[in-house]
Amino acid sequence: MKQKEQRKDDILFVGVDLGTSRSSISASNGTKKWNESYVGWPKDFIAAKVVGKSILFGSEALQNRLSLDLYRPLERGVIKEGIERNEEAVKELIGYLIQLAGPKEDQKIYAIVGVPADAMKVNQIAIKKAVSGFVDSVMVVSAPFAAAYGLNLLGNSLIIDIGAGTVDFCMMHGTIPDNDDQKAILTAGDYIDEQLFSYLIEKYPNSRFNRNMVRQFKETHSFVGDSSETIKVEIPVEGKPLNHDITNEMRRACESILPAIIETTSEMIAKFDPEFQIKIKNNIILSGGGSKIRGIDNYIKDALKEFGDCDVRCVEDPLFVVSDGAMLLAKDIPEKYWAEM
Amino acid sequence: MEILKYLRKDSRFRQKIHKKIFLDNLRIMGKQPYQTLKKKPITYKGISPILLTLIIILLGYTVYHNYITLQGEKTLVSSVIESNNSEVHSQIQAPHVQRDSLKFLSPMVNPEISIAKVFGLKVKRIMIDPGHGGSDPGTSGIIGTKEKNVALDIAKRLKSRLERYNYEVIMTRQEDEAVSLQKRVELANSSMADLFISIHLNYLPTRPANIIETYYFGLSFDEEVLKLAEKENTDSPYGHSEFKKILEKVNSTMKYEESYRLADSIQRSLFTNIKRIDSEVMDFGIKRAPFVVLLGVEMPSVLVEVSCLSNKVEELRLNTWNYREKIAHYIEIGILNYLRNKGALTHEAKRTEEG
Ligand SMILES: Nc1ncnc2c1ncn2[C@@H]1O[C@H](COP(=O)(O)OP(=O)(O)O)[C@@H](O)[C@H]1O
Ligand SMILES: [Zn+2]
């Protein structure tokens, strides 16, 4: 018993989720932080004076982007290839996240990083390397699996993680998921942004939109299905802010990702025997930023009705499901394994 | 009581999970479990499959050649060809054929040891298979570019590039003619080629993306090899027919592992280099898929989807010889890297490398 207590004090366990758009960390000391996955270095000497820092992260980096070489170094949870500085940017980002977790001076850090279920070995190694400089021991684990572990849904469930670049599906059935249990489709959050952007410039050719604005509209007003509300946003037209009704465009854009999600869901469920199908159907879990779209759970539930009743829920804290689960896993994994990593 | 039982079961399940995660992570780094698992009495499950496979090979080495030449896998293979034939193209086009993860592969793919390397197998003859042809155009792009033509052109370019190093390169077709999948398999096997590379172009009907992916054929036989070996060792010496089965497994292990390595090498070279031209291109990685051509041929074999005709910009690029030459070049680099790791470069290739 004594040893256990000691272990808990000496070691900070952290779970990390590296997202295309957002990254988060959960630590065993209770800290939870997230950050937009941007890293920026001042372009030159003058820029460095202006921003007053040698490196900036997240929204601060975005705000100062004109003075910075700005990187969004992750793509689908792995380091984007081909650009030299991405690796460095990921390292800095991880270092920053870990520092946010507030480890004590002489505390050891054991980290688990969620990676896409289908990440290639080279990518997994790259992530491990990037993390290893900041921690004493690190393991990677499939992100949806970490989420399921944290939610205590290792039994029978289907986890649908709607992220920026991909929607990831992970079927849990009492074993560690393998290839057949996991799928990804590429029409996700970014795709909604693109659709919305094109609908809006078509409807309001004289107004000035940009992609960032459009994403913000989405993140404040997203919905699918019926809604009695009209969505109005202010957009400058020839310098003057004007109200625009974007209700229909918002619905169409958000709904554009649903057919593929529904098709994949029913495909994945259909592979199992009927008895098991019923269990899965009562445990469909939506997570990721896209699960915040208003009405998405009911919409999917309705669409799946023809296969019998089912239950679709959204996780409470989509930003931290993966990092929370990874942190719990880190805490549960025996010390002997950590020591050998 | 029920709850207690459940909890006990649950905690055992969790322990299994922890161990699996640990082992997966060791494997990623190419390490073997060291202290933690060593203390336990050695069971067959505890021995790494690669080690076991090697033991089996060494035991059976003398009989090995006889079987490969006498029996091969032909009977097994040809029966599957018929049934799979019609599915092939739809699989090629399906954007979400199952993805590979090393979790599945890793027992067989140890970065340090390649079975072919152990035997020093030589590579002299390479077969290139340009997809489709004749009445079967494959996919086509919006301005009418046909997969069969692009694949053939890239294949020819790749052929002349590889011939510079004194590899003998054969093609399943030289012209715009229809060649059945069975015929391709027969050609490859009868020519006794050492590698087989099939070239195709992708088409994603619902997305604008450009993607690169490489397939290889693989079966999840590792479990079986283990079980069989376990059984065998309780009442050795080996029975004749059992032993034959093991040898067949080993043979496909080698094909499987080498195909995986080849696929990985080509995919990596093609993707990282194309990425410099098209920063948006997506890496769909390497995947297992039961394509007939990959299943049927007896040598390490891969199917490369080198580009994506549904992407308009990409279609335009594919219409320039310059870009097609580049694709051929990057596939060549992938092949040569694979051969280098295997220690099987020709003198010419080595000299070019050094010079
Ligand atoms: N309220 C919201 N409605 C719709 N989409 C949202 C909302 N909040 C966030 N998103 C979208 O979710 C995606 C990010 O989800 P996240 O799970 O963080 O993904 P990733 O791990 O890929 O970064 C982005 O496309 C973002 O715009
Ligand atoms: Zn094809």
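Visitor: Which residues form one aromatic cluster with Phe13(A)?
Guide: The model is a predicted one, so every value given here is computed from its atoms. In it, one aromatic cluster has three members, and Phe13(A) is joined there by Tyr110(A) and Trp338(A).

Visitor: Are the rings of Tyr110(A) and Trp338(A) stacked or edge-to-face?
Guide: A search of the whole structure, over all chains, finds six aromatic pairs. In the pair made by Tyr110(A) and Trp338(A), the ring centres are 4.9 Å apart and the planes meet at 20°. Planes under 30 degrees apart count as stacked, and therefore the pair of Tyr110(A) and Trp338(A) is stacked.

Visitor: How many residues apart in sequence are the parts that the pair of Tyr110(A) and Trp338(A) ties together?
Guide: Tyr110(A) belongs to strand 9 of chain A, which runs over residues 108-115, while Trp338(A) belongs to helix 14 of chain A, residues 335-340. Because the two rings sit in these two elements, their pair ties together parts whose separation in sequence is 228 residues.

Visitor: Is Trp338(A) buried or exposed?
Guide: The cut-off for burial is a relative accessible area under 20%. Tyr110(A), at 3% relative accessibility, counts as buried. Trp338(A) has a relative accessibility of 1%, so Trp338(A) also counts as buried.

Visitor: What is the angle between the planes of Phe272(A) and Phe276(A)?
Guide: Phe272(A) and Phe276(A) form an aromatic pair with a distance of 4.8 Å from centre to centre. Phe276(A) is buried, with a relative accessible area of 13%. The pair is of the tilted kind, and the angle between its planes is 50°.

Visitor: Which residue lies over the face of Phe197(A)?
Guide: Chain B offers one case of a charge over a ring, where the charged end of Arg317(B) sits over the ring of Tyr323(B), 5.6 Å from its centre. In chain A, the residue over the face of Phe197(A), at 4.2 Å from the ring centre, is Arg211(A).

Visitor: Which residue has a polar side-chain atom 2.6 Å from an oxygen atom of ligand 1?
Guide: Of the 18 residues around ligand 1, those that come nearest are Ser21(A), Lys218(A), Glu219(A), Ser222(A) and Gly289(A). Backbone N or O atoms approach oxygen atoms of ligand 1 at 3.2 Å from Thr20(A) and at 2.9 Å from Gly289(A). The polar side-chain atom at 2.6 Å from an oxygen atom of the ligand comes from Glu219(A).

Visitor: What percentage of the accessible area of ligand 1 does the protein cover?
Guide: Gly289(A) places a backbone N or O atom 2.9 Å from an oxygen atom of ligand 1. On its own the ligand has 580 Å² of accessible area, and the share of this that the protein covers is 91%.

Visitor: Which helix of chain A gives the most to the shell around ligand 1?
Guide: The shell divides into three nonpolar, nine polar and six charged residues. Helix 7 (189-203) and helix 8 (211-221) of chain A each supply at least two residues of the shell. The element that gives the most, with three residues, is helix 8.

Visitor: Which residue's side chain makes a polar contact with the side chain of Ser207(A)?
Guide: Ser207(A) is placed in the loop between helix 7 and helix 8 of chain A. Ser207(A) counts as buried because its relative accessibility is 10%. Its side chain makes a polar contact, at 2.7 Å, with the side chain of His244(A).

Visitor: What value is phi of Met192(B) near?
Guide: Most residues other than glycine have a negative phi. In chain A, Asn152(A) has a positive phi, near 60°, and is found in the loop between helix 6 (143-150) and strand 11 (156-162). Met192(B) lies in the loop between helix 8 (181-190) and strand 3 (195-202) of chain B, and at 61% relative accessibility it counts as exposed. Phi of Met192(B) is likewise positive, near 55°.

Visitor: By what distance are the C-alpha atoms of Lys124(B) and Asp194(B) separated?
Guide: Lys124(B) has its place in the loop between helix 6 (115-119) and strand 1 (125-130) of chain B, and it is exposed, with a relative accessible area of 55%. Although Lys124(B) and Asp194(B) are 70 residues apart along the chain, the separation of their C-alpha atoms is 6.6 Å.

Technical notes. Residues numbered from 1 in each chain as written. Chains lettered and ligands numbered in written order. Predicted model: local features only at pLDDT ≥ 70, side-chain atom pairs only at ≥ 80, totals over all residues. Heavy atoms only, no water. Phe/Tyr/Trp six-rings, centres within 6.5 Å; stacked < 30°, edge-to-face > 60°. Helix = DSSP H or I, 4+ residues; strand = E, 2+ residues; numbered from the N terminus. Buried < 20%, exposed > 50% of the residue type's maximum accessible area, 1.4 Å probe, protein only. Lys NZ or Arg CZ within 6 Å of the ring centre and 35° of its normal. Near = heavy atom within 4 Å. Polar contact = N/O pair within 3.5 Å; in protein donor to acceptor, adjacent residues only side chain to side chain. Areas by Shrake-Rupley, 256 points an atom, 1.4 Å probe, with all protein chains shown as cover. Nonpolar A, V, L, I, M, F, W, Y, C, P; charged D, E, K, R; others polar.
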